[in-house]
Amino acid sequence: MMLRNYLFLLAIGCIWGSQFIFQQMAVHDLPPIWVGAGRSFVGFITLLLICKILRLKGQKGWSQWVKFSLVGLLEATIPFVFVAWGQQYLNTSVAAILMGTIPFFTIILSPLIIRGGAITAAGLGSIILGFSGLIVLFYPDLVTGSGAINLPGAAAIVFSSACFAIALLVIKGITSGHPLVIARNILAAASFQTVLLAIFIAPITTLHVTQLSVLAVLYLGILCAGFVYVLYVVLIRDAGPVFTSLTNYLVPIIGVLLGASIKKEIIPLNTWAALAVILMAVAFKQIVEKLNKKQGKKLKPISGSP
């Protein structure tokens, strides 16, 4: 069982870490809006088939669809489109590192969204370290103005990370239903949103579709937006959420390594340093809280909602 858990963890990290390469392939020929729409729709069809095979059914009624639509907008529509747009101007390693900021936004926004949510000293330390990692990443460009990193593209991906973090917090309010059914419904809502936008923004008749772009979108939809959720749910069930959260370390690492090995990207020293600092920031909160728990100390919040 332990070996399977580690294999599942590695598989999830590889699938989500590889998305940046395939996304870059897709936007080479397709508009970002259609990359996002294709990924959402293919992911929805994938989870729809999986739910039918597993005979999973959701509750009838429309009461939860407002939340599904909101989460779909934040977790899929905005990230799928904005990250694809940003990757037109950034290499895969930078995109992977920027998406690694999701845990920091989760900490920052938790008090605003979750009743009783708070930022502890450990969480604040994690945020400061994470921000330091971004400074390391952008420092050469900010000092010299060389344009090595496209700032609007980077901002689009950071904004996507913040939206994804909000979605993770909002989704906690959706308590009824199997996780795979919830994921299916979220992608259903996102598919409707993105396809509708895509038709108006970039009509199908204007598209230049290639075999490579189609294969890239299918990979993004079937694996990165569909099948990976099956692995994710099983891993949470068998190993717990803390162990599953280790994917936060694997995704940026694998994204950078794949960019260096497959795409032959030249990765500057400051990018490696930024990756190390951000990974340390992700680890910091968990390590401090674990140590305090062992010592029987209760973490005092420094801010939070009443």
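In this predicted model, R4 is partly exposed, with a relative accessible area of 34%. R4 pairs up with D238 in a salt bridge, and the closest N and O atoms of the two sit 2.1 Å apart. R4 belongs to helix 1 (residues 2-27) and D238 to helix 9, so this pair ties together parts that are 234 residues apart in sequence.

D238 has a second partner, too: a salt bridge links D238 to R237, with 2.9 Å between the closest N and O atoms. In terms of accessibility, D238 comes out as partly exposed at 25%, while R237 is exposed at 60%. Because the salt bridges share partners, R4, R237 and D238 end up joined in one network. The structure holds two salt bridges.

Helix 9, which spans residues 211-239, is also home to S213. S213 is buried, and its relative accessible area is 0%; that falls below the 20% cut-off, so "buried" is the right label. A polar atom of the S213 side chain lies 2.8 Å from the backbone oxygen of T210. And what does S213 touch once its neighbours within four places in sequence are set aside? The contacts are with A26, D29 and L30.

Then there is L196, found in helix 8 (residues 179-201). L196 is partly exposed, with a relative accessible area of 41%. Along the chain, L196 and A37 are 159 residues apart, yet 8.6 Å separates their C-alpha atoms.

Methods:
Residues numbered from 1 in each chain as written. Predicted model: local features only at pLDDT ≥ 70, side-chain atom pairs only at ≥ 80, totals over all residues. Heavy atoms only, no water. Helix = DSSP H or I, 4+ residues; strand = E, 2+ residues; numbered from the N terminus. Buried < 20%, exposed > 50% of the residue type's maximum accessible area, 1.4 Å probe, protein only. Polar contact = N/O pair within 3.5 Å; in protein donor to acceptor, adjacent residues only side chain to side chain. Contact = heavy atoms within 4.5 Å. Salt bridge = Lys/Arg side-chain N within 4 Å of Asp/Glu carboxyl O.
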